[in-house]
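Me: Could you take a close look at one part of this structure for me, the second largest pocket, and tell me how it fits into the rest of the chain?

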Amino acid sequence: MTETDVAAAVILRAGKYLICRRRGVDGDQGGAPGLWEFPGGKREPGESLEECLVRELREETGCAVVAGRLLERVDVPTPARLLRLHFFEATLAAGEPRPLECAAVAWAAPSELLSYAFLPPNEPLVRRLAGSQIA
């Protein structure tokens, strides 16, 4: 079984997290249209996970980010491959997020996160973040 690494950014600004809504079904997004996720994408050959995160955020939202520490890794077996999702803390360095390769972007307070329909592999982290108290 092949393995695919995915890097996703957990960006907190003014007490809210950046989330993205997936577009309709297309080959690059692998389905699950309309569900929410933390922005990011697949690592390309020769790229570190941190480099992937920076590139994907630029392509998906038009923003520059700085990758921080790894928060969590989730392995997702699929019929075609094993997806390894790496969730990193990240800091917005430049630009205002906009939906370039996603249907929408939103800033959600921890208390609002559970009102969004997230991709299942994001849910444990979403529940943990939703329970945090951020001032």
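Reply: First, a term to have in hand: two residues are in contact when heavy atoms of theirs lie within 4.5 Å. Keep in mind, too, that this is a predicted model. With that cut-off, 63% of the contacts in the protein chain with a separation of 6 or more are between residues 24 or more positions apart.

Now the chain itself, before we get to the pocket. You have 2 helices and 7 strands here, and from the N terminus on they run β-β-β-β-α-β-β-β-α. The C-alpha trace spans about 45 × 30 × 30 Å along its principal axes. The radius of gyration is 14 Å, which agrees with the value near 14 Å for a compact globule of 135 residues. Of those 135 residues, 44% count as buried. As for the outside, the accessible surface comes to about 6,900 Å², and 54% of that belongs to carbon and sulfur atoms.

On to the pocket you asked about. The second largest pocket holds about 160 Å³ of space. Its lining is made up of Val 10, Leu 12, Tyr 17, Arg 69, Leu 71, Glu 89, Ala 90, Leu 125, Arg 128 and Leu 129. Strand E1 (2-13), strand E5 (64-77), strand E6 (81-94) and helix H2 (123-130) are the elements that give two or more residues to that lining. H2 has the largest share, with 3 residues. Sort the lining by character and you get 7 nonpolar residues, 3 charged ones and no polar ones.

Two residues elsewhere in the chain are worth a look as well. Cys 20 sits in strand E2 (residues 16-21). It counts as buried because its relative accessibility is 0%, where the cut-off is under 20%. Leaving aside neighbours within four places in sequence, Cys 20 touches Leu 35, Trp 36, Glu 37, Pro 39, Glu 60, Thr 61, Cys 102, Ala 104 and Val 105. Cys 20 and Glu 112, for their part, are 92 residues apart in sequence and 14 Å apart in space, C-alpha to C-alpha.

The other one is Arg 55, in helix H1 (residues 49-61). Arg 55 has 9% relative accessibility, so this arginine counts as buried too. Not counting residues up to four places away in sequence, Arg 55 is in contact with Lys 42, Arg 43, Glu 44 and Glu 47.

Key:
Residues numbered from 1 in each chain as written. Predicted model: local features only at pLDDT ≥ 70, side-chain atom pairs only at ≥ 80, totals over all residues. Heavy atoms only, no water. 1 Å grid on protein atoms, 1.4 Å probe; cavity = no way out; pocket = protein on both sides within 12 Å on 5 of 7 lines; lining within 4 Å. Points joined across faces, edges and corners; volume = space filled by probe spheres on them. Helix = DSSP H or I, 4+ residues; strand = E, 2+ residues; numbered from the N terminus. Nonpolar A, V, L, I, M, F, W, Y, C, P; charged D, E, K, R; others polar. Rg over C-alpha atoms; globule rule 2.2 N^0.38 Å. Buried < 20%, exposed > 50% of the residue type's maximum accessible area, 1.4 Å probe, protein only. Areas by Shrake-Rupley, 256 points an atom, 1.4 Å probe, with all protein chains shown as cover.
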